Amino acid sequence: MKWVLGIESSCDETAAALWHVPTRRFFEVIARQLATHAPYGGVVPELASRCHLETVAPLVQAVCRQAGITLGEIDAVAATAGPGLAGALIVGLSYGKALAAALGKPFVAVNHIEAHMVSACAEQEVPFPFVALVVSGGHTLLADVEEVCRYRIIGRTRDDAAGEAFDKGAKLLGLGYPGGLALARLAERGNPRAIHFPRALMRRGVFDFSFSGLKTALLYYLEEHPDRAQEDVAASYQEAIVDVLARKTIAAARMLARRYVVLGGGVSANAALRTRLQADAKRYGLYVVLPSLPLCTDNARMIAYRGATLLEARGADALTADIFPTFRVTC
Ligand code: KG4
Ligand code: ZN
């Protein structure tokens, strides 16, 4: 097997990637819908589906041109089946299944969160078992990953996801949507110890997360201190999120005696989180594996990579594979 095509359409990005198995190289094209949804302050599901419909076929052709291959040279097709927006998922999954059927090649349905969980392994060999922290816009979970197809969730958020906490904080600071990156940029110029924001569920052995109280604390703080330097507020708010994520992840790895910690999801692009996790891991003799930036936020590379490893580990999926909008463990 040489070429695996990955298709991603779970939210507001349409992406197609080719994973060249022998050289472990990626080719990718992405169509973002930021301008479409910006006037509404959030993703409008029907508009997202329509954009996916318009772009998915041209993107697949574009990525083939980029890699210098024809559609017929694709050996397997993988597409995101969930979690995500139902109408958006249907577009990518249906296209992927139809293409696989037309080419007579195997099809693999990929779980977007499980793809984030192992995305860094596409770039670096990581020995199982390891602890994975997935921090995206809709999900935050800690998992003990035992094999390609076996993992156990040891912690998840009870309310907002880490990315959501960044986005809601950014909105309160007037930084627009989605504001995770904008908040991180503002925080670079501030003092992370200027204000103490609350950290929830910090008891020993508790690996679940809760970020909704933090968002409320920020709201009250901004009401009471309208003139406080925004850089300091952003840096302290970011620090509260990063502190919780890093402490729980390292504690989980130590409790389970895992030497490797793998990070994934949009928030894994956050520079403060990357630096902090590396520093904490070093202190305890652990290794942190960070995905490169194109593999952090939503992408089709991780779908192609996950598809290739699933195909090898458990074979193809039937063309009756359906979407699943809410998260579930699929292996
Ligand atoms: O994984 P992802 O691209 O999409 C989902 O599957 O949800 O994650 C998107 C999330 C958003 O909440 C976005 O604000 C956040 O990742 N994000 C960041 C950064 N880059 C993206 N949050 C903090 N710092 C960043 N540099
Ligand atoms: Zn994602």
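**Exercise 1. A buried arginine and its partner**

Task: R258 has a relative accessible area of 19% in this predicted model. Decide whether R258 is buried or exposed, and then find the side chain that R258 meets in a salt bridge.

Solution:
- Step 1. Buried means under 20% relative accessible area, so R258, at 19%, is buried.
- Step 2. The partner is D144, and the N to O distance in this salt bridge is 2.9 Å.
- Step 3. Now place both residues along the chain. D144 belongs to strand 7 (residues 140–147), while R258 sits in the loop between helix 8 (230–255) and strand 9 (260–264), so the pair ties together parts that are 114 residues apart in sequence.
- Step 4. Check the partner's cover too: D144 has 0% relative accessibility and therefore counts as buried.
- A reminder of the chemistry: side chains of opposite charge can pair when their charged atoms come close.

**Exercise 2. A pair with an exposed end**

Task: Find the salt-bridge partner of R189, and say how R189 and E231 are classed by accessibility.

Solution:
- Step 1. R189 pairs with E231, and their closest N and O atoms are 3.1 Å apart.
- Step 2. R189 is in the loop between helix 6 (180–187) and helix 7 (212–224), and E231 is in helix 8, so this salt bridge ties together parts that are 42 residues apart in sequence.
- Step 3. Exposed means over 50% relative accessible area. R189 has 60%, so R189 is exposed.
- Step 4. E231 has a relative accessible area of 23%, so E231 is partly exposed.

**Exercise 3. From one pair to a network**

Task: Start from the salt bridge between E239 and R276, and work out which residues are joined into one network by salt bridges that share partners.

Solution:
- Step 1. In the starting pair, the closest N and O atoms are 3.7 Å apart.
- Step 2. The pair links distant parts of the chain, with E239 in helix 8 and R276 in helix 9 (residues 271–283), 37 residues apart.
- Step 3. Compare each value with the cut-offs. E239 is partly exposed because its relative accessible area is 21%, whereas R276, at 19%, is buried.
- Step 4. Follow the shared partners, and the network takes in R199, E239, D243, R247, R276, D280 and R283.
- Step 5. For the wider picture, the structure holds 21 salt bridges.

**Exercise 4. Reading the zinc site**

Task: Which protein atoms are the donors of the zinc ion (ligand 2), and what spacing do these donors follow along the chain?

Solution:
- Step 1. The donors are NE2 of H112, NE2 of H116 and OD of D298, lying 2.0 to 2.1 Å from the ion.
- Step 2. Along the chain, the spacing reads H-x3-H-x181-D.
- Step 3. Look at the two histidines: H112 and H116 are both in helix 4 (residues 112–118), four residues apart, which is about one turn of the helix.
- Step 4. Their cover is quick to classify. H112 has a relative accessible area of 5% and so is buried; H116, with 0%, is buried as well.

**Exercise 5. Two domains in one chain**

Task: How many residues do domain 1 and domain 2 each bring to their contact?

Solution:
- Step 1. Begin with the bounds: the domain assignment gives domain 1 as 3–117 + 295–314 and domain 2 as 126–290.
- Step 2. The contact takes 16 residues from domain 1 and 20 residues from domain 2.
- Step 3. Over C-alpha atoms, the domain centres are separated by 27 Å.

**Exercise 6. Backbone checks**

Task: Where do P83 and P129 lie, and what is the sign of phi at R24 and L201?

Solution:
- Step 1. The G82 to P83 peptide bond is cis, with omega near -10°, and P83 lies in the loop between strand 4 (76–82) and helix 3 (86–103).
- Step 2. The F128 to P129 peptide bond is also cis, with omega near -10°. P129 is in the loop between helix 4 and strand 6 (130–135).
- Step 3. R24 is not a glycine, yet its phi is positive, at about 55°. R24 sits in the loop between strand 2 (13–20) and strand 3 (25–32), and counts as partly exposed because its relative accessibility is 38%.
- Step 4. L201 has a positive phi near 55°. L201 lies in the loop between helix 6 and helix 7 and is buried, since its relative accessible area is 19%.

Methods. Residues numbered from 1 in each chain as written. Chains lettered and ligands numbered in written order. Predicted model: local features only at pLDDT ≥ 70, side-chain atom pairs only at ≥ 80, totals over all residues. Heavy atoms only, no water. Donors = N, O, S within 2.8 Å, 3.2 Å for Na, K, Ca; no water. Buried < 20%, exposed > 50% of the residue type's maximum accessible area, 1.4 Å probe, protein only. Domains from an automatic or database assignment. Contact = heavy atoms within 4.5 Å. Salt bridge = Lys/Arg side-chain N within 4 Å of Asp/Glu carboxyl O.
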